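This report looks at how a few secondary-structure elements of one protein chain are arranged with respect to one another. Please keep the sequence and the model at hand while reading.

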Amino acid sequence: MFTWASAPFARTFPFKLDIFKKNAKAVIFVRSSGGDGSSSASRRCPCAMGPPANTVEGPMSSRAAEVKRSKLDDGVSGGICKLAEPNSVPEPSSLAFLRENLKSEEALSRHLSLDEEGAHSQPLLNNQWRRRTVSESNVLDAGGLRGRQQSFRDGVGHAASETYLVTRLSFKLLRYLGVGYRWITRFLALGCYATCLMPGFLQVGYYYYFSKCVRRSIVYGDEPRNRLDLYIPENINESKPVVAFITGGAWIIGYKAWGSLLGQELVERDVIVACIDYRNFPQGTISDMVKDASQGISFVCNNIAEYGGDPNRIYLVGQSAGAHISACSLVDQAIKEAEIGRAGLSWSTSQIKAYIGISGGYNLLGLVDHFHKRGLYRSIFLSMMEGEQSLPRFSPELLVQNPSYRDAVYLLPPIYLFHGTGDYSIPCDASTNFADVLQSVGVQVEVRLYKDKTHTDLFIQDPLRGGKDALLEDILGVIHAGDPVAQANDVTAPPRRRLVPEIFLKLARRISPF
């Protein structure tokens, strides 16, 4: 015998719940049996014709047997149900179908409610029926707990999947790099460098995972790494300026969390920061990285107002390899806009208030030999850049000199290039040469050099040292230009506290592989 039960009861107690799908219509029934195998405790579907039958043990009553099995009227959404045939075979995806289409206990209880006579006259004849009288409010409370547990499980699952992905790609990368003396020493140096700065990294990591200002892993596209982190000030009483940040990582180890230190600094100055993740090599090549970055920028331009950001004050910032990728995205978007117009494009260069490149390289042809000497071998670098023939295509410095793209050059926003003179990973000439070319074609550009600062001094060691941060003040100077109130707040802002002892910072600087 088949008996009806509301969704909370069916999900809470050990009745066997079967769901059938036929012609896009749901069929729900509960099978319960007495100790002797006979059926017991019947509740009828409200769509069945006639008043509800009395509940009795033993064989199905003659009145219940005469219930007409009516057709569903456009599925469960109409509140109509049908008894299933005993020999029906449930589909494997039946549970998923129920969870997807019948999420509300209240909606289900409306489908299966008893009329007044049945609700008051049915005797509770056995333990199975008494167990069905559990409070629905308790079930709803349990549903909220299950939701929080599901959210936690989803977070753990996402972290586990990313860890697996990084591990798998690391082994794949090692096959490209080989196990030579130079790479072994670099990996050892990287480990020692991270160990020296671990006191600061732990504090930044705690902020990243537990601060209410951070919203992690917001999906902006369909690819595996198409996620971004948002750093939002606690006080959103008016629209805030926005930084769309592309992290560095030698096109190999970039990750959105690397921008957490800059995000924490800027959010304390009332600036919203979006750290955009992208596919790295060997998961993707340079065209994939540029595509991901452009899609992330598009998400920021079109959705940041929902998070309290000002869509008219968006600043594109990139560091190291991220500076190169973001510059490629900006120039590529300007070329598309000049060729086909703004119609059909998801974002426009006019939405970018300014571009800030930190320690970036913008002419790949001039950097291939330098990277080879530094350990990023020519064969690997050309694989990342899709061959030597593609280097001009992904060199912003060369693209803006192309007469065919002259109209696109006029669409570029003001550009600011920041670089340390002690940078050996990407020499500061990369920024000064790019600035000279931009100036020659009529682009507003400004270069700021930091004496004796290395590739990691500007972005890592100096912020961890605390006090006044020259790079941070220059970035804020660009963002808060024309805003006297914000500029006054920047002047009176307290210095940041030190996160790492000076001796560890100096040691990290000496052994840094960058």
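Two strands are said to pair if DSSP finds at least two bridges between them. The model discussed here is a predicted one, and the pairing of strands is taken up before the packing of helices.

Strand β6, which spans residues 240-246, is mostly covered, in that seven of its seven residues are buried. β6 pairs in the parallel sense with strand β8 (residues 309-319), over six bridges, and β6 is also joined to strand β7 (residues 272-276), again in parallel, by five bridges. The table sets out these two pairings, each with one pair of residues that stand opposite each other.

| Strand paired with β6 | Residues | Bridges | Sense | Opposite residues |
|---|---|---|---|---|
| β8 | 309-319 | six bridges | parallel | I246 and G318 |
| β7 | 272-276 | five bridges | parallel | V243 and V273 |

The helices are considered next. Two packed helices are described by the angle between their axes and the distance between the axes. For helix α18 (residues 457-465) and helix α21 (residues 502-511), the angle is about 165 degrees and the axes lie 10 Å apart. Because angles over 145 degrees count as roughly antiparallel, α18 is roughly antiparallel to α21. The crossing of α18 and α21 is right-handed.

Which residues of α18 and α21 meet? On the α18 side they are D457, Q461, L464 and R465, while α21 contributes E502, L505 and R509. Sorted by class, the contact of α18 with α21 has four charged residues, two nonpolar and one polar.

Notes: Residues numbered from 1 in each chain as written. Predicted model: local features only at pLDDT ≥ 70, side-chain atom pairs only at ≥ 80, totals over all residues. Heavy atoms only, no water. Axes fitted to C-alpha atoms, helices over the stretch in contact; angles between N-to-C directions. Helix = DSSP H or I, 4+ residues; strand = E, 2+ residues; numbered from the N terminus. Parallel < 35°, antiparallel > 145°, perpendicular 65-115°, else oblique. Left-handed = near helix turned anticlockwise from the far one by under 90°. Contact = heavy atoms within 4.5 Å. Nonpolar A, V, L, I, M, F, W, Y, C, P; charged D, E, K, R; others polar. Buried < 20%, exposed > 50% of the residue type's maximum accessible area, 1.4 Å probe, protein only.
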